[in-house]
Amino acid sequence: MTPIIKRGIFDMTLAMVMSGTIGWFVLQSGQTPINVVFWRCLIGAPVLAYLCHRAGALSIAAIGARRFWLAVLGGVALVLNWLALFSAYPLASISVTTIVYNVQPFMLVGLGLAFLGEKVNGSKLTWLGLAFAGMLVMTLAGQPADGSGRTYLLGIALALAAAACYAIAAFVTKQLKGTSPYLIALIQVVTGVVLLAPLADFHDLPASPQSWAMLGVLGVVHTGIMYAFLYSAIQKLPVVLTGTLSFLYPVVAVAVDMAAFGHVLTLAQAIGGGAILFAAIATTLNWSPLPLLTLASRKDRA
């Protein structure tokens, strides 16, 4: 393993660990999802502007009008993604929300099918079926017995909406090849500031230094620094390794949820969630189910 690959693994791992802790900071901030996203964008923008400056990419005019408005469109989708995701955390728990959110690879495949004419093979349909089955198990098994089932289902729906918005943001970003990722991210968070400034509640600002610290970490660490490590890793690692390491995110999120809030998945939820994550990994890495079925068949005969 080369030093570049090792550094890429380190950067990607750190980025995914940061991602997995976002839910805790969101809930600890005590702010509404709109306020959290607004402050995240506002605080993160200067950090991303600095990264753009260091990379020599701080030039909006250089990307052209079409690319600029595509980046803005991606920013709208990304902001809606954050709003839905942060709204889902207190309703369905960080663990369930994050696992359901990881159906996004299938939504990205659907966008490619609808708009780029990409073909969907039998393998991807198989993994989609597995993810759907896992979703049903998590949904049916996770409804509380205390009458708050509608709240849980709303959380599931918001997690799915967040996944759809993220898939749209990723799909738009794919159309911006050759543009600095730091510049794209900067345009996206500035778009978030512009969109949410009229909606943010400035009469309900954080009342304690701790709450401000939570928002500061979300802006500086989870928006600025995390982007730096993530894009550094993407530049150094092969796609397969990047896709594999990205699934550290839900694992860390589940661990944080258990440690901080005592939320433990039931056996059925864990099985359903495992099916979703396995199917998402298989789709991301273009695995075929045939070798796995053959291996299982051999074990049965043995």
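Here are a few exercises with worked solutions on the predicted model shown above.

**Exercise 1. The overall fold**

Work out which secondary structure elements the chain holds, and judge how its radius of gyration sits against the globule rule.

*Solution.*
Step 1: Start with the elements. The chain has 14 helices and zero strands, and reading along the sequence gives the pattern α-α-α-α-α-α-α-α-α-α-α-α-α-α.
Step 2: Turn to the radius of gyration. For this chain it is 20 Å, while the globule rule gives 19 Å for 302 residues. The two values are close, so the chain is as compact as a globular protein of that length.
Step 3: Add the dimensions. Along the principal axes, the C-alpha atoms fill a box of roughly 60 × 50 × 40 Å.

**Exercise 2. Surface and contacts**

Find what share of the residues is buried, what supplies the exposed area, and what share of the contacts spans 24 or more positions.

*Solution.*
Step 1: For burial, the cut-off is under 20% relative accessible area. Of the 302 residues, 47% count as buried.
Step 2: The chain exposes about 14,700 Å², and 70% of this area is supplied by carbon and sulfur atoms.
Step 3: Now take the contacts with a separation of 6 or more. Residues 24 or more positions apart account for 89% of them.

**Exercise 3. The second largest pocket**

Describe the second largest pocket: its volume, its lining and the kinds of residue found there.

*Solution.*
Step 1: The space in this pocket comes to about 160 Å³.
Step 2: Count the lining. There are 15 residues, and those nearest the centre of the pocket are Ala92, Ser93, Ile94, Asp257 and His263.
Step 3: Trace the lining back to the elements. Helix H4 (64-92), helix H5 (94-101) and helix H12 (248-261) each give two or more residues. The largest share, four residues, comes from H4.
Step 4: Sort the lining by kind. It divides into 10 nonpolar residues, four polar and one charged.

**Exercise 4. Ser93, a residue of that lining**

Locate Ser93, decide whether it is buried or exposed, and say what stands out about its phi angle.

*Solution.*
Step 1: Ser93 sits in the loop between H4 and H5.
Step 2: Its relative accessibility is 13%, so Ser93 counts as buried.
Step 3: Phi of Ser93 is near 80 degrees, which is a positive value in a residue other than glycine.

**Exercise 5. Two loop residues, Ala55 and Leu285**

Place Ala55 and Leu285 in their loops, then class each by accessibility.

*Solution.*
Step 1: Ala55 belongs to the loop between helix H3 (33-54) and H4. Leu285 belongs to the loop between H13 and helix H14 (289-301).
Step 2: Ala55 has a relative accessibility of 47%, so it counts as partly exposed. For Leu285 the value is 11%, so Leu285 counts as buried.
Step 3: Check the partners of Leu285. Setting aside residues up to four places away in sequence, Leu285 touches Val240, Gly243 and Thr244.
Step 4: Finish with C-alpha distances. Ala55 and Leu70 are 15 residues apart along the chain, with 21 Å between their C-alpha atoms. Leu285 and Val252 are 33 residues apart in sequence, with 20 Å between their C-alpha atoms.

**Exercise 6. Two helix residues, Gln104 and Ala275**

Which helices hold Gln104 and Ala275, and which residues does each one contact?

*Solution.*
Step 1: Gln104 is in helix H6 (residues 104-115), and Ala275 is in helix H13 (residues 267-284).
Step 2: With a relative accessibility of 13%, Gln104 counts as buried. Ala275 is buried too, with a relative accessible area of 15%.
Step 3: Leave aside neighbours within four places in sequence. Gln104 is then in contact with Ala163, Tyr166 and Ala167, while Ala275 touches Leu130 and Gly134.
Step 4: Look at one distant pair. Ala275 and Met138 are 137 residues apart along the chain, yet their C-alpha atoms are separated by 9.8 Å.

Notes. Residues numbered from 1 in each chain as written. Predicted model: local features only at pLDDT ≥ 70, side-chain atom pairs only at ≥ 80, totals over all residues. Heavy atoms only, no water. 1 Å grid on protein atoms, 1.4 Å probe; cavity = no way out; pocket = protein on both sides within 12 Å on 5 of 7 lines; lining within 4 Å. Points joined across faces, edges and corners; volume = space filled by probe spheres on them. Nonpolar A, V, L, I, M, F, W, Y, C, P; charged D, E, K, R; others polar. Rg over C-alpha atoms; globule rule 2.2 N^0.38 Å. Buried < 20%, exposed > 50% of the residue type's maximum accessible area, 1.4 Å probe, protein only. Contact = heavy atoms within 4.5 Å. Areas by Shrake-Rupley, 256 points an atom, 1.4 Å probe, with all protein chains shown as cover.
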